[in-house]
Amino acid sequence: MIYFDNVARKLHNDHKSTRIGFRETLVLECLLQHAPQAVSKQTLICYSWGSEYIGQTSLAKSVSALRRALIAIGADASLVVTVPKYGYRLTQGMIAHHTAEPACSEVDDVTPLPQPSLPQTGRSSHPQPSSPAQRKVPLYRQCLLIAITLLLCVATSVFVVGKMNGWRWSDWVQRGGLNQKRVGALYVFYPPGSELGFSIEQFLTHSQCNCLVYIEKKHKYSTFLFVSKQTHRSTFIRYSPLNIIHATQKIDEFLQQEK
């Protein structure tokens, strides 16, 4: 029989004894409480490290050190069994939990070793085994990942459209920024030093929606980027007096989809 003293952090039998580390003591204590049932890795980490962040291999290193301690006193390292893709379990009846009695009265004043604090989850003080399906990513991390993904998608879209149409940053940011004008429900932005002609304003008046419009004027044509404030959909239109019918059809299709 092997005896485990969690206060002295020792494993011993009738002939040999060895000390184990603080984390290994907590891991073995958790395994003993649930033996012979398997204990998930998440439960062992929560019990032994609490809310402290650890690396991916810290639990495996502690279990390996615990097995070496068993070998050091002549026991079989297979007493700690690995449960693939879940955790570990302890063979029942081979290790007894035994706390040594104080040798003299002076030991009575010794403060017991502090136990690591566990996250308050409304359950019992010792975590119960949890299935892999219950281990979920925290909500704030999910929101952060979604926000980063959306930001990258928008930035990529703007970059691709700019490359296709030869946009330059210097054309958009001059003398403090873009000019802005309200045309009906549209918020229109265009480069400084340029003005909206009558035909463009007439086209924008026909294309009313809850959108932002970015305009860049070329030598023979103008480019319109409509971005919906409600659905965040966008459409790119090349406008000139020669293709006004095509531009009108394209914006009508976009407005129809917005309804």
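Me: Helices are DSSP runs of H or I with at least four residues, numbered from the N terminus; in which helix is the place of I148?

Reply: In this predicted model, I148 sits in helix α4, which covers residues 139-165. Together with L144 and L152, I148 makes a nonpolar surface patch of about 290 Å².

Me: Is I148 buried or exposed, or something in between?

Reply: Partly exposed is the class for values between under 20%, which is buried, and over 50%, which is exposed. I148 has a relative accessibility of 41%, so it counts as partly exposed.

Me: How should I read the open sheet, and in what order do its strands stand?

Reply: Read the strands across the sheet rather than along the chain: the 4 strands have the order β3-β2-β1-β7, with mixed pairing. The edge strands, β3 (17-19) and β7 (95-97), each pair on one side only. Between β2 (residues 10-12) and β3 the pairing is antiparallel over 3 bridges, and L11 has T18 in β3 as its bridge partner. Helix α3 (residues 58-72) lies across β1, β2, β3 and β7, and runs at about 35° to β2.

Me: How many salt bridges are there, and which side chains meet in them?

Reply: A salt bridge needs a Lys or Arg side-chain nitrogen within 4 Å of an Asp or Glu carboxyl oxygen, and the count here comes to 2. In one of them, E201 and K181 meet at 2.6 Å, N to O, linking helix α6 with strand β8, 20 residues apart. E258 also forms a salt bridge with R233, the closest N and O atoms being 2.6 Å apart. Because E258 lies in helix α7 and R233 in the loop between β11 and β12, this pair ties together parts that are 25 residues apart in sequence.

Conventions: Residues numbered from 1 in each chain as written. Predicted model: local features only at pLDDT ≥ 70, side-chain atom pairs only at ≥ 80, totals over all residues. Heavy atoms only, no water. Pairing = 2+ DSSP bridges. Helix = DSSP H or I, 4+ residues; strand = E, 2+ residues; numbered from the N terminus. Contact = heavy atoms within 4.5 Å. Axes fitted to C-alpha atoms, helices over the stretch in contact; angles between N-to-C directions. Patch = residues over 30% accessible without salt bridge, like charges linked within 9 Å, V, L, I, M, F, W, Y side chains within 5 Å. Areas by Shrake-Rupley, 256 points an atom, 1.4 Å probe, with all protein chains shown as cover. Buried < 20%, exposed > 50% of the residue type's maximum accessible area, 1.4 Å probe, protein only.
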